[in-house]
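Thank you all for coming; I would like to walk you through one model this morning, going from the strands to the core and then out to the surface. Please have the sequence and the structure open in front of you.

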Amino acid sequence: KGQQGEAAAAAAAVEHPANTSYAVQLVTNRACCPRAGEELSISYGDKGNEELLLLYGFALPANPHETLMLLCPLPPADDWDEVFTARMQLLQARGLTPQLFLSALHLTNHQQAAAQRGSSSRRGSIVPAAARAVLEVFVMQKGELFAALHTAEQEEQQLVVATSSQAAAPAACRADSSSSSSSSRSDSQSNSIDEIQARIEAL
């Protein structure tokens, strides 16, 4: 009886492999269907060594996708004042996090461009645009900060209203307000970002 049960279970596993814990199904489309006996490979994606080591247990020498993540130091939540809370809210409203990602690829491209322009040219944007967007929030003056947060909240409300009636309007509205917001950035804010950029380049 035991052997009959095992045989029945084996037959069921063959007929319905998805019901077993050890079954693996590889599905592909006809355009990239491998030939019989051809080796199958996968891509881990464009990941830095930190992520590769954490997820897969290995790292690559001279990884072109290497990325350095810098965490912005945050005080305990109980110590957040009105201004710092507004900074966190503005980051969230803009889809940002208090982190700076500096990629090796971006740095290499920056160095090559600087070499082509010559050493006498301006430093340029060694800090990627996404990282600069985070820095902008942290160096905003109080008045500018609350004005930007108010604008972000209005955009969010307009987006909710427009989504229910028209799908194309929110994107155009957000693009217009984003360009006007960046054009109104103060000189002191720009200088602060340039100073941080210079310190990062000196590392």
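Let me begin with a question: how many bridges join strand 1 to strand 2, and in which direction do the two run? Strand 1, residues 67-71, is joined to strand 2 by 5 bridges, and the two strands run antiparallel. I should say at once that this is a predicted model, so please hear everything that follows as a description of a prediction. As one example of the pairing, Leu68 has Leu102 as its bridge partner in strand 2.

Around that pair, the protein has 8 helices and 2 strands, and the order along the sequence is α-α-β-α-β-α-α-α-α-α. Of the contacts between residues with a separation of 6 or more, 63% involve residues 24 or more positions apart.

Strand 2, residues 99-103, has two faces: Leu100 and Leu102 form the covered one, whereas Gln99, Phe101 and Ser103 form the uncovered one. If we follow Leu100 from the covered face, and leave aside residues up to four places away in sequence, we find that Leu100 touches Leu68, Met69, Leu70, Cys72, Ala131, Val134 and Leu135.

Leu100 also brings us to the largest nonpolar core, which has 19 residues, and Leu100 is listed among those with the most contacts inside it, together with Leu90, Leu91, Val127, Val134, Met140 and Leu145. The elements that give two or more residues to this core are helix 3 (82-93), helix 5 (129-139) and helix 6 (142-165), and helix 3 gives the most, with 6 residues. As general background, nonpolar side chains in soluble globular proteins tend to be buried together.

Helix 3 also contains Glu82, which is exposed because its relative accessible area is 56%, above the 50% cut-off. Glu82 and Phe146 are 64 residues apart in sequence, yet their C-alpha atoms are 9.9 Å apart in space.

Turning to the surface, buried residues make up 21% of the 203 residues in the protein, and the protein exposes about 14,700 Å², of which carbon and sulfur atoms supply 55%. Which residues make the nonpolar surface patch of about 580 Å²? The patch is made by Ile42, Tyr44, Leu54, Leu55 and Tyr56. Leu54, which lies in helix 2, residues 49-56, is exposed, with a relative accessible area of 72%.

I will stop there and take your questions.

Technical notes. Residues numbered from 1 in each chain as written. Predicted model: local features only at pLDDT ≥ 70, side-chain atom pairs only at ≥ 80, totals over all residues. Heavy atoms only, no water. Core = buried A, V, L, I, M, F, W, Y, C linked by side-chain atoms within 4.5 Å. Buried < 20%, exposed > 50% of the residue type's maximum accessible area, 1.4 Å probe, protein only. Helix = DSSP H or I, 4+ residues; strand = E, 2+ residues; numbered from the N terminus. Contact = heavy atoms within 4.5 Å. Patch = residues over 30% accessible without salt bridge, like charges linked within 9 Å, V, L, I, M, F, W, Y side chains within 5 Å. Areas by Shrake-Rupley, 256 points an atom, 1.4 Å probe, with all protein chains shown as cover. Salt bridge = Lys/Arg side-chain N within 4 Å of Asp/Glu carboxyl O. Pairing = 2+ DSSP bridges.
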